[in-house]
Amino acid sequence: VGDKVLARSSMSYLGKFTDPETGTGINSDFLAQFYCPETFSFPDTIDNDYITSVELRLFIDDFIGDSLANFKLNVYELDQVLDAGQDYYTNINPSDYYDEAKEPIATKWYSISDRTISDSTRWAANYYNSIRIPLPREMGQQIYDAYKTNPELFKNTDTWINSGLPASKGFYFQIEAGDGAIAYIDVAQLNINFKYYDEEFAKDTTGVVQFASTEEVVQATRFKNYNLAKLLDNNQVTYLKSPAGIFTQATLPIEQINIQDTINSANIVFTRYNDLIDSKFKLSIPKTVLMVRLDDYLNGFFENYSLPDSVSSYTTSFNSAANTYEFTNIAKLINTMKTELKQGKASENYNKVLIIPVEATLDSNQKLVKLSHDFSMSSAKLVGGNDNPVQLKVLYSSYK
């Protein structure tokens, strides 16, 4: 069970969803800090030094589920700093970072499809779907007044986060009620609005300053999975489920291979079962999976920003035509395990590997530059399990 994985992602996730195929559920909420650019400033000509309004906007890149499902969202101010130099995991305890005894600073009922706007606005080319959450005007006023008296507090992100000002440590976005959808939040943004005199165009106008969640600051999603036990207890099949759900563990039969033989090639295929139900809200299939030695995973494969080396770790993509994940040549892995066994250096987990859904980031030359856990809502039921093993095919040479 991957109930605790590294929450290193530029995307945040918000909502609750029940998988119609398996009946398992997932709940997601998140904590986010906000970046302060070194060029940050308020205009010098704000009318009466008065902030007119403040709001949070959660921009939705994608979603799964019913866009009309209703959710109650609570927003809490964080009172503890999230350390950008620390690793956070998907089992993070939000109560470590905010005061549960305090009332939320804002509450909002929302649906992913915003029914408060017109269809013409919703389908406009420049429309970016978002959840809009009004905050107390006084919060923005305090931030502006502090800027007027001590602009050094806004010199950079570090000074801003440690300024002690409202919103400076970030927010916790908590789902209190609702089910049926999860939104993929691309950017969370704090907007402070005002009126001012625009000297360039010589007219009064409205303005805004923005703080946004970016990769330079911490965004930590907390996932809770429900009802996974019935999948884990099924010995006839095995599963892949993301995010932070289920990995498949495979034990390679190294002791059945003659350690004197030379392995020329080896491949293993994991076949996916087709879905049994037809639902427009069913989960997607993991696109890319990683095979990694269990010990390497436990010793910080993701924490160390490791990439597959085609010796102890490999990636492959889902083959929709064959309905399979195929690792075409893992001979180096088999030979490494054989050598460890022959030399008496084999650990308890020496022949165990994990199959993990991952997100692969490629550069402009299609070279793999980053590998992280897959946080999209996906699932695959595979041939396997203790009572239904898959085959490892090995081509080897014997010398006599």
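**Close-up views of a predicted model**

Phe247 is buried, with a relative accessible area of 14%. This residue opens our tour of a predicted model, and the legends below take one neighbourhood at a time.

**Figure 1. Phe247 meets Tyr297 edge to face.** The chain holds 29 aromatic pairs. In the pair shown here, the ring centres of Phe247 and Tyr297 lie 5.9 Å apart and the planes stand at 85°, so the arrangement is edge-to-face, the cut-off being over 60 degrees. The two partners come from distant parts of the chain, 50 residues apart: Phe247 from the loop between strand 11 and strand 12, Tyr297 from helix 5 (residues 294-298). Like Phe247, Tyr297 is buried, at a relative accessible area of 15%.

**Figure 2. A cis peptide bond leads into Pro243.** Staying with the loop of Figure 1, we find that the bond from Ser242 to Pro243 is cis, with omega near 5°. Pro243 belongs to the loop that runs between strand 11 (237-242) and strand 12 (248-251).

**Figure 3. Helix 2 and its buried residues.** Helix 2 covers residues 137-149, 13 residues in total, and its first and last C-alpha atoms are 19 Å apart, close to the 18 Å expected at 1.5 Å a residue. Which residues of this helix are buried? They are Met139, Gly140, Gln141, Ile143, Tyr144, Ala146 and Tyr147. An α-helix has 3.6 residues a turn, so residues three or four places apart point the same way. The buried residues of helix 2 pack against several elements, among them strand 3 (46-65), strand 4 (71-77), strand 6 (130-135) and helix 3 (157-161). Strand 7 (171-177) and strand 8 (181-198) are also among the packing partners.

**Figure 4. An aromatic cluster that includes Tyr144 and Tyr147.** These two tyrosines, buried in helix 2, join Phe40, Phe42, Phe154, Trp160, Phe194, Tyr196 and Phe211 in one aromatic cluster.

**Figure 5. Asn191, a buried polar residue in strand 8.** Asn191 is part of strand 8, and it counts as buried because its relative accessibility is 5%, where the limit is under 20%. Its side chain makes a polar contact with the side chain of Gln189, at 2.9 Å. Beyond its neighbours within four places in sequence, Asn191 touches Ser53, Val54, Glu55 and Arg57, and also Val208, Val209 and Gln210.

**Figure 6. Two asparagines with positive phi.** Asn227 has phi near 65°, a positive value in a residue other than glycine. Its place is the loop between strand 10 (219-226) and helix 4 (229-232). Asn323 has phi near 60°, and lies in the loop between strand 15 (313-317) and strand 16 (324-327). Are these residues buried or partly exposed? Asn227 counts as partly exposed, at 49% relative accessibility, whereas Asn323 counts as buried, at 13%.

**Figure 7. Charged side chains over tyrosine rings.** Arg8 lies over the face of Tyr305, 3.8 Å from the ring centre. In the second example, the charged end of Lys381 sits over the ring of Tyr273, at 5.4 Å from its centre.

**Figure 8. The whole chain, for orientation.** To place these views, step back to the chain, which has 6 helices and 20 strands. Its C-alpha trace spans about 95 × 45 × 45 Å along the principal axes. Of its 400 residues, 48% count as buried. Among contacts between residues at least 6 apart in sequence, 79% join residues at least 24 apart.

Conventions
Residues are numbered from 1 along each chain as its sequence is written. This is a predicted model: local features need pLDDT of at least 70, side-chain atom pairs count only at pLDDT 80 or more; totals for chains, interfaces and linings use all residues. Side-chain values use heavy atoms; hydrogens and water are left out. Helices (H or I, at least four residues) and strands (E, at least two) are DSSP runs, numbered from the N terminus. Buried means under 20% relative accessible area, exposed over 50%, partly exposed in between (1.4 Å probe, protein chains only). The expected span of a helix is 1.5 Å times one less than its number of residues. Contact means heavy atoms within 4.5 Å. Rings of Phe, Tyr and Trp (its six-membered ring) pair if their centres lie within 6.5 Å; planes under 30 degrees apart count as stacked, over 60 as edge-to-face and the rest as tilted. A charge sits over a ring if NZ of Lys or CZ of Arg is within 6 Å of the ring centre and within 35 degrees of the ring normal. A polar contact is a pair of N or O atoms within 3.5 Å; within protein, one must be able to donate a hydrogen and the other to accept it, and residues adjacent in sequence count only if both atoms are side-chain atoms.
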